[in-house]
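Hi everyone, thanks for making time this morning. I'd like to walk you through a model, going from the whole chain down to a few single residues. Let me put it up on the screen.

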Amino acid sequence: MRYQGITCAFVLLAALLSGCGGEKRLPSVVVPGKEKPEVTPVVPEETPDAKVGEVLPLWSEGYLDIHSINTGRGESYFYIFPDGTTMLLDAGGALPGEVHDYGEGNSPGVPSKPNKDIPAADVILHYIQHFSPEVSKGALDYMMVSHYHSDHFGSVNSFFPSHPSGGFVLNSVAAVGTALKVGKLLDRGEFDDPPSSDWFSSTTNYNNYVKFAKWAATSQGTVREKVRVGANDQIVMVHKPSATDAFEVRNLAAGGYVWTGTGTESATRLPSTAELKKMGSSDAGQCGENVMSVALHVRLGAFDWFTGGDCQYNGRSTYAYKDIEAPIAKVMKKVEAMKANHHCTANTNSAELLAVLRPDVLVASSWRDVQPRAETMTRFIKANSEVKIFTTNLTDNNKATLASQGFDIGRMSAISGHIVLRVHPSGSRFWVYVLDDSDESYKVSKVFGPYNCQ
Ligand SMILES: [Zn+2]
């Protein structure tokens, strides 16, 4: 919160000069028969002006903030709920060496942001410390891992420092989770329940995570919970639950289970655990970890947001259970904005899902040359011709690929930066800000909106 004091002083000074405190308290209403007048809720006015070239104003009470933090090493989303409750969803920390798994050749790939000397964990940590609202006291009320892949929760490597007493290395999730107090740690449960093919390949990263979780439980009182699919009362506003009843987080999917749309019921099309274990990692029918991703529907009034980790539809013709997007499509509705599934790569974000979601704003957290893909972005445009496309990175290699495939890069609203969605407390409109990620000053480089919510 290095700028918070300066910002607060500025806001106070501006308020004194203009006579406007940035929010409007409606006149008190005297109710007959009651001695004291009822005070109507505080209704903030328009979001403080975010100006290009200036540091993004901090979150204000009542707003919903969704920040895509760009480390260049995977996905990391920082949420601030209307009452100031904080949630970090993923702390991507794939090693730079993991970039070239998909035939990108000698391309330098996506660079670490803002530079290779600042580890992804520090980028995330500094970002949270800057934007964290005072009510959260610098803690993360929730930290969630969408699934057990390094670009979402970190790698294990000897160059990471070890925690002095925890027996784990301080990779992304562990480094952020030891520097900040974590209230609840949410994930899909044990790595082998149900087992993905990745479980057979290596449990190193997961075991490190478990050791961190155990340390956090004893040292910070962190409670680790499995995401209850279908529930809308697991992720809630914890500081001022009565602030608004228009805010809700519905757990749509996790561990291969998907909400049925009825009550809090969920169902799965996955083979049994015994069958999955029989398939192992070499069987063509193996079930990858991406299918196990956590998906959420976040709502504030008329504003709807979808996020689904690395959900996918590939293999649907042979193995229906791998298409985790199909059952999600059945229980979702149009959203104002969404995070692209699986970094907007191939065989994700199916036409079937997008025909339902039809987002007006798409945020793709890319960290490889193969992301985002032309055919995938084209599906978004087909679902909603007006969709604004924001990607956190776009390499020269991918620019050439997209151009060769006839995709107009000019169609994209942003091709680098942290992407911030700020939703008005009424849930009726929202803004999108692109922040310069070349340093850690969080200056605004582009402003979009307000967009109306339906
Ligand atoms: Zn990923």
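Here is something to start with: among contacts in the protein between residues at least 6 apart in sequence, what percentage join residues at least 24 apart? The figure is 67%. Please keep in mind throughout that this is a predicted model. The protein has 454 residues, and 49% of them are buried. As for secondary structure, we have 11 helices and 19 strands.

Let's take the sheets. One is an open sheet of 9 strands, and reading across we get the order 8-7-6-5-4-3-17-18-19, with mixed pairing. Strand 8, residues 223–226, and strand 19, residues 444–452, are the edge strands, each pairing on one side only. From one strand to the next, the twist averages 15°. Inside this sheet, strand 4 (residues 77–80) is antiparallel to strand 5 (residues 86–89), and 4 bridges link the two. If you zoom in there, you'll find Phe78 opposite Leu88 of strand 5. There is also a helix packed on this sheet: helix 6, residues 204–220, touches strand 7 (182–187) and strand 8. The direction of helix 6 makes about 155° with that of strand 7.

Now the other sheet I want to show you. This open sheet has 8 strands in the order 11-10-9-12-13-14-15-16, and its pairing is mixed too. Strand 11 (266–268) and strand 16 (388–391) are at the edges; each has a single partner strand, so one side of each lacks a neighbour in the sheet. On average, neighbouring strands here are turned by 20° against each other, direction ignored.

My favourite part of this sheet is strand 13, residues 303–307. How many of the 5 residues of strand 13 are buried? The count is 5 of the 5, so the strand is largely enclosed by the rest of the structure. You can see this on both faces: Phe303, Trp305 and Thr307 are buried on one side, and Asp304 and Phe306 are buried on the other.

Who are the partners of strand 13? With strand 12, residues 295–300, the pairing is antiparallel and runs over 5 bridges. Two pairs to look for are His297, whose bridge partner is Phe306, and Val298, which stands opposite Trp305. The hairpin these two strands make has 2 residues between the strands, and Gly301 in that hairpin takes a positive phi near 60°. Turning to strand 14 (residues 337–339), the sense is parallel, with 2 bridges joining it to strand 13. Trp305 appears again here, with Ala337 of strand 14 as its bridge partner.

On to the inside. The largest nonpolar core has 110 residues, and those touching the most other members are Leu88, Ile124, Val176, Ala253, Ile328, Leu362 and Phe390. Helix 2, residues 120–131, contributes the largest share of this core, with 8 residues. Let's stay with Leu362 for a moment. Apart from its neighbours within four places in sequence, Leu362 is in contact with Met338, Ala340, Phe380, Val387, Ile389 and Phe390.

Phe380 takes us to helix 10, residues 374–383, where the buried residues are Thr376, Met377, Phe380 and Ala383. Looking down the axis of helix 10, those buried residues fall within an arc of 115°, so they line one face. Glu375 and Lys382, on the other side of helix 10, are exposed. And what covers the buried residues? Among the covering elements are helix 9 (351–357), strand 15 (361–364) and strand 16.

I'll finish with two single residues. Is Pro327, in helix 8 (residues 325–331), buried or exposed? Pro327 is buried, because 24 other C-beta atoms lie within 10 Å. Between Pro327 and Leu353, 26 residues apart in sequence, the C-alpha to C-alpha distance is 8.9 Å. Then there is Ser282, in the loop between helix 7 (273–279) and strand 12. Ser282 counts as exposed, because it has 9 C-beta neighbours inside 10 Å. Its C-alpha atom is separated by 9.5 Å from that of Ser201, and the two residues are 81 apart along the chain.

That's my tour, thank you all for listening!

Terms used. Residues are numbered from 1 along each chain as its sequence is written. This is a predicted model: local features need pLDDT of at least 70, side-chain atom pairs count only at pLDDT 80 or more; totals for chains, interfaces and linings use all residues. A residue is buried if 20 or more other C-beta atoms lie within 10 Å of its own, exposed if 12 or fewer, and partly exposed in between; C-beta atoms are placed from the backbone. Two strands pair if DSSP finds at least two bridges between them. Two residues are in contact if their C-beta atoms, placed from the backbone, lie within 7 Å. A nonpolar core is a set of buried Ala, Val, Leu, Ile, Met, Phe, Trp, Tyr and Cys residues joined through C-beta atoms within 7 Å. Axes are lines fitted to C-alpha atoms, for helices over the stretch in contact, and angles run from 0 to 180 degrees between N-to-C directions. The arc is that of the directions from the helix axis to the C-beta atoms.
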